[in-house]
Amino acid sequence: MMPLLGVVGKTNVGKSTFFSAATLVEVETENRPFVTIDPNVGVTHVRKRCAHVELGLPKCDPVDGFCLKGWRFIPVKLVDVAGLVPGAAEGRGLGTKFLDEVRKADALLIVVDASGSTDAEGNPVPPGTHNPAEDVQILLNEFSGWVFSQMKKDWKSFVTKVSTMGIRAAEAMKERLSGFSVKEREIIKAINELSLDENLAKWSEEDLKNFVRKVIELRPKVIVANKSDSDFAERGIEMLREAYPRTPVIPTSAAAELILRKAAKAGAIEYVPGDSSFQIIDEKKLTEKQKKVLKMIEKKVLERWGNTGVVQSLNEAVFGQLEMVVVYPVHDANKFTDSEGRVLPEARLVPKGTKVKEFAAQIHSDLAKGFLYAIDARTGRRLGADAEVEDGMVIKVVSAK
Ligand SMILES: Nc1nc2c(ncn2[C@@H]2O[C@H](COP(=O)(O)OP(=O)(O)OP(=O)(O)O)[C@@H](O)[C@H]2O)c(=O)[nH]1
Ligand SMILES: [Mg+2]
């Protein structure tokens, strides 16, 4: 399952720059509100130590994603949408356009301007004058306001239907929210935390509003504290961490990552996305000005924060928030290859707790239909249908089909 991450946030904070840095797809970016109108969709990668290293193999042959210096880059989908301003749920700015495009995202990357140099409407202001935590609150409010307005449509007839059929609130909400990528356990958690009635007919409008707010609050999300190359970023990050102690806040410079990836692509530097340093390998490909910019990135970003934060944000969303693990399916459990002799061709992202047979079904439905057992290729151990896959496992499925 390739997860979809939604890049969301106020207008003019660097969402498209983040998208471009992560995917190397050229998109429009500019220091003014509402540059992006139609969504940008692309593929980016999370980064994880590759199994070929631990297995002592000289290399691997990825058919999807790539492997660099022992780091496996595994594809995930990314969508960059129009920015938001307060009142969007009622149609201000570009209104709810962005909301409809991110409702299916498995996790949200909430991009904020940690340097505090854009006001609530996305207009440039002196650095350090705007509190970025306010923008997170506005985003969550607008998101839940919009979901609430969607839920209210035909609400009465929906409630009548489910209560005459005796369907409980959690079950009913699962159906009602099916287009919003909300997990059942989030629904149950919200109902329990708010002590809401099992019978939807007993819910007041206030109950529904609180429920929606809670569900949105429980969504997997990461706060991307962008523009952390700015001298004013420390304060902004502090304010974000104070306001959102339970959400990961990742100091990020999307602009720096974009420059590093482009320079690496041009062959001027060696840089593995997510690393804490880079090396200049071809001075001739760099102008004096570019060299200065690279020095700045070293000082203001890499030495200060340890990395640019782009890969770290993606990793936090997928491995931290969505709790996914990486599993390598193979055909030959001794050589760790597929039927064409490629070493560890695939690295698949699956939710933690996935059963071996479910994993087989994801590779091919026939594999699951004729499922006999699987082999943990590292240990040679047999795995039954109900065994849970583990992070980094290399698996051969043995099937009668
Ligand atoms: N200093 C600094 N500036 C950045 C960074 N990332 C983006 N910017 C600048 O912020 C401005 C807005 O960038 P965009 O990527 O267009 O922002 P957006 O959030 O997509 O904006 P809209 O699509 O208009 O909502 C541009 O001038 C970027 O160059 C960063 O990491 N550091
Ligand atoms: Mg944009």
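Serine 181 sits in the loop between helix 6 (169–176) and helix 7 (184–193). The model is predicted. This briefing covers that residue, the two ligand sites, helix 12, the loop between strand 10 and strand 11, and one residue of helix 13.

**Residues with positive phi**

- Most residues other than glycine have a negative phi.
- Serine 181 is not a glycine, yet its phi is positive, about 50°.
- The relative accessibility of serine 181 is 18%, so this residue counts as buried, the limit for that class being under 20%.
- Phenylalanine 336, also not a glycine, has a positive phi of about 60°.
- Phenylalanine 336 belongs to the loop between strand 10 (324–329) and strand 11 (348–351), and with a relative accessible area of 11% it is buried.
- Glutamate 323, which follows helix 12, has a positive phi near 50°.

**Ligand 1**

- The shell around ligand 1 holds 22 residues, of which Thr11, Lys15, Thr17, Val35 and Asp229 come nearest.
- By class, the shell residues divide into 11 polar, 6 nonpolar and 5 charged.
- Helix 1 (15–23) and helix 10 (254–265) each contribute at least two residues to the shell; the largest share, 3 residues, is that of helix 1.
- Two contacts involve the protein backbone: a backbone N or O atom of serine 16 is 2.9 Å from an oxygen atom of ligand 1, and a polar backbone atom of glutamate 30 is 3.1 Å from an oxygen atom of ligand 1.
- Serine 253 uses its side chain, with a polar atom there lying 3.3 Å from an oxygen atom of ligand 1.
- The protein buries 85% of the 650 Å² that ligand 1 exposes when taken alone.

**Magnesium ion (ligand 2)**

- Which protein atoms are the donors of the magnesium ion? They are OG of Ser16 and OG1 of Thr36, at 1.9 to 2.1 Å from the ion.
- The two donors come from distant parts of the chain, 20 residues apart: serine 16 is in helix 1, and threonine 36 is in the loop between helix 1 and strand 2 (40–49).
- Serine 16 and threonine 36 are both buried.
- Serine 16 thus appears at both ligands, with a backbone atom 2.9 Å from an oxygen atom of ligand 1 and its OG as a donor to the magnesium ion.

**Helix 12**

- Helix 12 covers residues 310–321; at 1.5 Å a residue its 12 residues should span 16 Å, and the end C-alpha atoms are 16 Å apart, which agrees.
- The expected span is 1.5 Å times one less than the number of residues.
- Buried residues of helix 12 are Val310, Val311, Ser313, Leu314, Asn315, Ala317, Val318 and Phe319.

**Loop between strand 10 and strand 11**

- Aspartate 338 is in this loop, as is phenylalanine 336.
- At 14% relative accessibility, aspartate 338 counts as buried.
- The side chain of aspartate 338 has a polar atom 3.0 Å from the backbone nitrogen of glutamate 340.
- A polar contact of 2.7 Å also joins the side chain of aspartate 338 to that of arginine 342.

**Helix 13**

- Alanine 361 is part of helix 13 (residues 356–363).
- Is alanine 361 buried or partly exposed? Its relative accessibility is 38%, so it counts as partly exposed.
- Between alanine 361 and lysine 153 there are 37 Å from C-alpha to C-alpha, and the two are 208 residues apart in sequence.

Methods:
Residues are numbered from 1 along each chain as its sequence is written. Chains are lettered from A and ligands numbered from 1 in the order in which they are written. This is a predicted model: local features need pLDDT of at least 70, side-chain atom pairs count only at pLDDT 80 or more; totals for chains, interfaces and linings use all residues. Side-chain values use heavy atoms; hydrogens and water are left out. Helices (H or I, at least four residues) and strands (E, at least two) are DSSP runs, numbered from the N terminus. Buried means under 20% relative accessible area, exposed over 50%, partly exposed in between (1.4 Å probe, protein chains only). A residue is near a molecule or strand if one of its heavy atoms lies within 4 Å of it. A polar contact is a pair of N or O atoms within 3.5 Å; within protein, one must be able to donate a hydrogen and the other to accept it, and residues adjacent in sequence count only if both atoms are side-chain atoms. Accessible areas come from the Shrake-Rupley method with a 1.4 Å probe; for residues, only the protein chains shown count as cover. Ala, Val, Leu, Ile, Met, Phe, Trp, Tyr, Cys and Pro count as nonpolar, Asp, Glu, Lys and Arg as charged, and the others, Gly among them, as polar. Donors are N, O and S atoms within 2.8 Å of the metal (3.2 Å for Na, K and Ca); water is not among the atoms, so sites may look incomplete.
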